[in-house]
Protein chains: 4
Amino acid sequence: MREHEAAVRALRQTVADLHTELTRYDLVTWTAGNVSARVPGADLMVIKPSGVSYDDLGPESMVVTDLHGELVEGDFAPSSDTAAHAYVYRHMPEVGGVVHTHSSYATAWAARGEPIPCVLTMIADEFGGDIPVGPFAMIGDDSIGRGIVETLRENRSSAVLMRSHGPFTVGKDARAAVKAAVMLEDVAKTVHFAYQLGTPEPIDRASVDRLHERYQNVYGQ
Amino acid sequence: MREHEAAVRALRQTVADLHTELTRYDLVTWTAGNVSARVPGADLMVIKPSGVSYDDLGPESMVVTDLHGELVEGDFAPSSDTAAHAYVYRHMPEVGGVVHTHSSYATAWAARGEPIPCVLTMIADEFGGDIPVGPFAMIGDDSIGRGIVETLRENRSSAVLMRSHGPFTVGKDARAAVKAAVMLEDVAKTVHFAYQLGTPEPIDRASVDRLHERYQNVYGQ
Amino acid sequence: MREHEAAVRALRQTVADLHTELTRYDLVTWTAGNVSARVPGADLMVIKPSGVSYDDLGPESMVVTDLHGELVEGDFAPSSDTAAHAYVYRHMPEVGGVVHTHSSYATAWAARGEPIPCVLTMIADEFGGDIPVGPFAMIGDDSIGRGIVETLRENRSSAVLMRSHGPFTVGKDARAAVKAAVMLEDVAKTVHFAYQLGTPEPIDRASVDRLHERYQNVYGQ
Amino acid sequence: MREHEAAVRALRQTVADLHTELTRYDLVTWTAGNVSARVPGADLMVIKPSGVSYDDLGPESMVVTDLHGELVEGDFAPSSDTAAHAYVYRHMPEVGGVVHTHSSYATAWAARGEPIPCVLTMIADEFGGDIPVGPFAMIGDDSIGRGIVETLRENRSSAVLMRSHGPFTVGKDARAAVKAAVMLEDVAKTVHFAYQLGTPEPIDRASVDRLHERYQNVYGQ
């Protein structure tokens, strides 16, 4: 742990700060949503404590666990979703950040067990196709983590809608996973609105591929 | 009253502060919603004054009544819903806090007289099953209080949707009742969205029981 | 005008302040909504200037006109809805405040030309029955004012939904009219939600009468 | 460029400030929306940099390009929508500002490829008729710009809903284009609500013409 001290200190700040994006974009209610980050090069992650108000989150209240969810450092019990985050880090080495919310529109798709169809250029850009549904899974063991990983492996989406529960998103780091959570709710909402008054047409596969490719490689600085 | 002075002083602050959660989560409009707290070990409660703006609420504007709603201390008339709160405290000794709002999605279910079905893990966690509907009852006597108590006694839900009116929630203390009011609107909204485009599947009873048990006993610090 | 100087000065402040309630409750977009107040005992009113941003409104930017909408005092042209406000003051002596918005849910009912049915106790309390629709009327002469007055005279509602346009509300003073505008959008939204998934039952007339009577006479301080 | 230095400096501030209206009215998520302004009398425009957070936008982070989107001044790569803005400035000399968002309700109409019908006086006022749909067009060449220009040329609307993508708005300057983007989302939302529970009646053409004429010439200061 000593050798990763500086990285952990920085990630405590980053992960605490990123929770303010969850409240800013109305993705979470009361204490129900969490961000984690993998500590690069270590079998460690930084995650939100369980049941603590977003107002009271600072770097010092973040919790460090190993990749089986065992507490390594911190004054609080880790998020009750820690096992799911840890499972993702163990099985998806390319993932550096995980986010879980119950954001309303994404969770409504999850409640019906329906993927969000790729009917917007923004979905093609960020998610590369339909946003998939994962299985219904009980909290308390590896079921949720396994459901996330198995669903994401078959897709290029960075988001999965866990059935009757809510979305999980992943990214190369915690910020990218938060971005995916924000974009997910935005498109879940817009596509919900679109279907309320008709049936939007899907974008053809070749255009989806070109949009996704371009956005992943050209967009930004 | 003298022996409970310190408790009353603390609860005046707590109850005033908790009203800011009602506005933060958009559960109330103008002056239409209220929080109360039982004074532990006394036949007293602290409650919002009637028709006072949330901007103007501080500890000093809170009102103390007995458990029949008679004014004991305070410069203002108590909330017009005081009789309902008082009835709940008289008949549910385990309840330490009561909240009433007209939050939009929960009130829409109440307008139709439809329980919110348990189609989300968050509903199982917090409410332990479908969220029930109470009878239509006129303000001015014990009708509303009786409707709340009779409905909640037959359920493990901490929320009841009073028909054509709006939700009441209860908790072991005022903060827990506010949390229930916030979670209620969140799930009322998400399930509303889910039903707008299809029919979400209910979670089976055994899973609901396991989720509720775990959340009530393991979640948080 | 000299004799009403103090009243005008106070109302400039009041009317400017009340516009912040319109933005707080999301009733207005850009510059599209306005509050006015009658100057008691005078044939004068204080109203918002036309096309000025809500950020830039202070007591000094308010405009004073007579009850035919002619400018009496002020550095700006009065609201383009001034004629409608003035008509109401000329024909409804009991009215001391008028508000116009294009708040989204109320305007959606207005677009369909459908009254909002009295299916919630809050509607009975504040509006005393269904919230009525007024005629389609062009801006530029007395058509809008006449439509408001003729509709409100046949109802005890303090709000009218002007067809294909948006709501107007009235009150004994400007604050009461703003309160009505806020409550209107709240119930327009909740009843919209209720009808999206079914058909809420109307409250019987006797109960509506009792609720309205009580709320108008007992509620508040 | 030297001769336009003062104009560019002022527009950097204006364009940066106008982005705060996009976030204030919830028209944009994360970094997905942009404002530009033509530099009067020059073949230059000021535009948002690509993928930069709205929190971090100031005058100094704005980018200056020519009207083919080539970087002229600035520390960042220009918005990935720069080619579309530039095409509009090249082909519509009366346009001084362009805005692009993915605002939810407008984008839902765009996803279905349905124009927003002129059923509200506010639509007649600001847009002069139905708000038209533009073609599906890929990013990366002149397709989007051409689609915008061809659609707007056949309409007096200041907004176009680009199919499966989102809205673009134009104005005589950047502020007018932002106003159109704000009004567009407002009417897209209200008309969405109206159609959810029925079929609003269109305003007849003569009334639309009179409303539009009046609003464009009489409204404001």
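Here are three short exercises on a predicted model, each with a worked solution.

Before you start: this is a predicted model, where local features need pLDDT of at least 70, side-chain atom pairs count only at pLDDT 80 or more, and totals for chains, interfaces and linings use all residues. Residues are numbered from 1 along each chain as its sequence is written, chains are lettered from A and ligands numbered from 1 in the order in which they are written, and side-chain values use heavy atoms, with hydrogens and water left out.

**Exercise 1. Two helices in chain D**

Task: Find how helix α1 (residues 5-24) of chain D and helix α6 (residues 174-196) of chain D pack.

Solution:

Step 1. Two packed helices are described by the angle between their axes and the distance between the axes. Helices here are DSSP runs of H or I with at least four residues, strands are runs of E with at least two, and both are numbered from the N terminus. Axes are lines fitted to C-alpha atoms, for helices over the stretch in contact, and angles run from 0 to 180 degrees between N-to-C directions.

Step 2. For α1(D) and α6(D) the angle is about 5 degrees, and the axes are 10 Å apart.

Step 3. The two helices are therefore roughly parallel to each other, a label given to angles under 35 degrees.

Step 4. Look at the contact itself (heavy atoms within 4.5 Å). From α1(D), the residues D:Leu18, D:Glu21 and D:Leu22 meet D:Ala174, D:Arg175 and D:Val178 of α6(D). These residues divide into four nonpolar, no polar and two charged. In this scheme, Ala, Val, Leu, Ile, Met, Phe, Trp, Tyr, Cys and Pro are nonpolar, Asp, Glu, Lys and Arg are charged, and the others, Gly among them, are polar.

**Exercise 2. Where chain C meets chain B**

Task: Describe the interface of chain C and chain B.

Solution:

Step 1. Begin with the residues: 31 of chain C are in contact with 31 of chain B.

Step 2. Next comes the buried area (the accessible area, with a 1.4 Å probe, that two parts lose on being put together, summed over both). Chains C and B bury about 2,800 Å² between them, with 60% of it on carbon and sulfur atoms.

Step 3. Now count salt bridges (a side-chain nitrogen of Lys or Arg within 4 Å of a carboxyl oxygen of Asp or Glu). The rule finds two across this interface. B:Arg163 and C:Glu201 meet in a salt bridge, at 3.4 Å from N to O.

Step 4. Which elements of chain C give two or more residues to the side that touches chain B? They are α1 (5-24), α4 (121-127), α6 (174-196) and α7 (205-217). The largest share, 11 residues, comes from α6(C).

Step 5. Sort that side of chain C by class: 14 nonpolar, eight polar and nine charged residues.

**Exercise 3. A salt bridge between chains A and B**

Task: Locate the partners of the salt bridge of A:Asp55 and B:Arg24.

Solution:

Step 1. Side chains of opposite charge can pair when their charged atoms come close. Over all chains, the count comes to 41 salt bridges.

Step 2. In the pair A:Asp55 and B:Arg24, the closest N and O atoms are 2.5 Å apart.

Step 3. A:Asp55 lies in the loop between β2 (44-47) and β3 (63-66) of chain A and B:Arg24 in helix α1 (residues 5-24) of chain B, so the pair joins two chains.

Definitions and conventions
Angles under 35 degrees count as roughly parallel, over 145 as roughly antiparallel, 65 to 115 as roughly perpendicular and the rest as oblique.
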